[in-house]
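Me: I should like to learn how to read the features of a protein model. May we work through one together, step by step?

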Amino acid sequence: MSTPSLTLFHSPASPFVRKVMVLLHETGQLDRVALHTVALSPVNPSAELNADNPAGKIPALRLEDGSVLHDSRVILDYLDHQHVGEPLIPRDGTARWRRLTLASLADAILDAAVLTRYETFLRPEEKRWDGWLAAQKDKIERALAYFEQDAAAELACHFDIAAIGVACALGYLDLRQPELGWRDRYPRLAAWYAEVSQRPSMQATQPT
Ligand code: BEZ
């Protein structure tokens, strides 16, 4: 095993970090990366991370020359150019824009679910805003309905950038919003997720 030359600022519960970890597994690059775990929240930042990423967000990836990449989309793109297997982000053509758009919609689920987590876990109860929470839930439902009705077959074609994003989004909903019961309303997604969640990359990166 070679010495890791990259450092990933990491938290085991972050679904954005999980996307990067899944890609590292899928592309055989795990041993290139040392994990540096940071405990942080929007109101409890990490000074060390802020020095490398002014946005104060994980994941961030420090390269061998000391430069730092963020956010998860940039890191995924970088890592996908660093292996010799089939790219997980199509390099060109309509497939590129379609798969990146599906990945972006998966990120929208994650943004809404993480904001919901902050609102319900971090924000003092008397300051919570139910209408705002409902709007996040609506966004998640719209995105799930789109994947169910318009993209289930496409997701099943290839475990690539789009599929990794959706799988990590569904895993995060299971972790933080089990009461959502998304499987009842989205049976095709549920069947697909049951299969892809058995992949070694998904099993090895289950959030804790
Ligand atoms: C979480 O614990 O839900 C979480 C952790 C890091 C980033 C985003 C969410």
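Me: How do the residues of the shell around the ligand divide into nonpolar, polar and charged?

Reply: One begins with a list of the neighbours and then sorts them by class. Please bear in mind that this model is predicted. The ligand is surrounded by A13, S14, R117, Y118, Y172 and R176. Sorted by class, this shell holds 3 nonpolar residues, 1 polar residue and 2 charged residues.

Me: Which polar side-chain atoms lie 2.5 Å or 2.7 Å from an oxygen atom of the ligand?

Reply: A pair of N or O atoms counts as a polar contact when the two are within 3.5 Å. Y172 places a polar side-chain atom 2.5 Å from a ligand oxygen atom, and for R176 the corresponding distance is 2.7 Å. As for burial, the ligand taken alone exposes 270 Å², of which the protein buries 84%.

Me: Where does the ligand sit, and which elements give two or more residues to the shell around it?

Reply: The ligand occupies the largest pocket. Two or more shell residues come from each of the helices α4 (93-122) and α6 (161-176).

Me: How many helices and strands does the chain have?

Reply: The chain contains 9 helices and 4 strands. Their order along the sequence is β-α-β-α-β-β-α-α-α-α-α-α-α.

Me: Why does a radius of gyration of 17 Å agree with a compact globule?

Reply: The value is compared with an expectation based on chain length. The two agree because a compact globule of 208 residues would have a radius of gyration near 17 Å, and this chain has 17 Å. Along the principal axes, the C-alpha trace spans about 45 × 40 × 30 Å.

Me: Which residues does a cis peptide bond join?

Reply: The general idea is that most peptide bonds are trans. In this model, I58 and P59 are joined by a cis bond with omega about 0°; P59 belongs to the loop between α2 (47-52) and β3 (60-62). The bond from H70 to D71 is also cis, with omega near 5°, and D71 lies in the loop between β4 (68-69) and α3 (72-80).

Definitions and conventions
Residues are numbered from 1 along each chain as its sequence is written. This is a predicted model: local features need pLDDT of at least 70, side-chain atom pairs count only at pLDDT 80 or more; totals for chains, interfaces and linings use all residues. Side-chain values use heavy atoms; hydrogens and water are left out. A residue is near a molecule or strand if one of its heavy atoms lies within 4 Å of it. A polar contact is a pair of N or O atoms within 3.5 Å; within protein, one must be able to donate a hydrogen and the other to accept it, and residues adjacent in sequence count only if both atoms are side-chain atoms. Accessible areas come from the Shrake-Rupley method with a 1.4 Å probe; for residues, only the protein chains shown count as cover. On a 1 Å grid over the protein atoms alone, a cavity is a set of points where a 1.4 Å probe fits but cannot get out, and a pocket is an open set with protein on both sides within 12 Å along at least five of seven lines; lining residues have an atom within 4 Å of a point. A molecule sits in a cavity or pocket if more than half of its atoms lie within 2 Å of its grid points. Ala, Val, Leu, Ile, Met, Phe, Trp, Tyr, Cys and Pro count as nonpolar, Asp, Glu, Lys and Arg as charged, and the others, Gly among them, as polar. The radius of gyration is taken over C-alpha atoms; the globule rule is 2.2 Å times the number of residues to the power 0.38.
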